[in-house]
Amino acid sequence: MRLWDPHTGKAVGKALRGHSNEVVGICFSPDGQLLATSGADGGVRLWDPRTQRQLPVPFDGHRGTVWAVSFAPDGRALATAGADATVRLWDPARGVQLGAPLSGHASAVYELAFSPDGRLLASAGEDGVALLWDPATGKRVGSALTGHDGAVGGLAFSPDGSLLATAGWDGTLRRWITGPL
């Protein structure tokens, strides 16, 4: 894994090594001070992008590949999603899981997205379903969002958080209302 300067197109520093297998998820914290990665080795790692060093924060809990990582807009929580059909919320400063795993998917969870205000967390995956969660309580919000014929491999909230878009492996995009328009 490498960091790149988008202005020059050149690699910055050395390759970051810490996962023992493929890296499949990556995201920066909102302030750019942390980089989170997840992998086929079942691990989640935090990095300081300035020093390019891995931080000694453990994130143990998932079984199998951790497909996605996503920071809350305020940076106080890190969501992870895995092959074990769970979503987990963590305190990124301490590596401590916040509450019980969020369970509701029938199989692997591939994607995560926080709403811009951080009041909703969307998850989607192999079961073709998108779910909405209240990250503060760990409770599901509303009904399952169904309609794709196959896995959901992409999620994105609109800038105002009123819409959620899902991208399916069936070649379709769907739009869901999540708040007032």
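**Notebook: strand β5, strand β9 and the core**

I started at one bridge: Asp48 faces Arg53, which sits in β6. My strands are DSSP runs of E, at least two residues long, numbered from the N terminus. I call two strands paired if DSSP finds at least two bridges between them.

I note that this is a predicted model, so I follow its limits: local features need pLDDT of at least 70, side-chain atom pairs count only at pLDDT 80 or more, and totals for chains, interfaces and linings use all residues. Numbering runs from 1 along each chain as its sequence is written, and side-chain values use heavy atoms, with hydrogens and water left out.

**Entry: around β5**

I looked up how β5 (44–48) meets β6 and found an antiparallel pair with two bridges. Besides the Asp48 bridge, Trp47 lies opposite Gln54 of β6. The β5–β6 hairpin has four residues between its strands, and in that turn Gln52 has a positive phi of about 60°.

On the other partner, β4 (35–39) runs antiparallel to β5 and is joined to it by four bridges. One facing couple I checked there is Ala36 and Leu46, the latter in β5. Four residues separate β4 from β5 in their hairpin, where Gly42 takes a positive phi near 80°.

I then put the strands in order: the sheet is open, has four strands, and reads β3-β4-β5-β6 with antiparallel pairing. β3 (23–28) and β6 (53–54) are the edge strands with a single partner each, so one side of each has no neighbour in the sheet.

Is β5 buried or exposed? Five of its five residues are buried, so the strand is largely enclosed by the rest of the structure. For me, buried is under 20% relative accessible area, exposed is over 50%, and partly exposed is in between (1.4 Å probe, protein chains only). Val44, Leu46 and Asp48 cover one face of β5 and Arg45 and Trp47 the other, and these are all buried.

**Entry: around β9**

I moved on to β9, where six of six residues are buried. Thr86, Arg88 and Trp90 point one way, while Val87, Leu89 and Asp91 point the other.

I went through the partners of β9 next. With β8 it pairs antiparallel over four bridges, and Leu78 has Trp90 of β9 as bridge partner. Their hairpin leaves three residues between the strands, and Ala85 in the turn shows a positive phi of about 70°.

β10 (96–97) is also antiparallel to β9, over two bridges; there Trp90 is matched with Gln97. In the β9–β10 hairpin, with four residues between the strands, Gly95 has a positive phi of about 70°. β11 (102–103) pairs with β9 antiparallel over two bridges too, and Thr86 lies opposite Ser103 there.

**Entry: the core**

Which residues have the most contacts inside the largest nonpolar core? I get Val87, Leu112 and Leu121, in a core of 15 residues. β8 (78–82), β9 (86–91), β12 (109–114) and β14 (130–134) each give at least two residues to this core, and β12 has the largest share with three. A core here is a set of buried Ala, Val, Leu, Ile, Met, Phe, Trp, Tyr and Cys residues joined through side-chain atoms within 4.5 Å.

I listed the contacts (heavy atoms within 4.5 Å) of two residues, leaving out residues up to four places away in sequence. Leu121 touches, among others, Val87, Leu89, Leu102, Leu112 and Trp133. Ser70, in β7 (66–71), touches residues including Cys27, Ala77, Leu112 and Phe114. Its relative accessibility is 11%, so I log Ser70 as buried.
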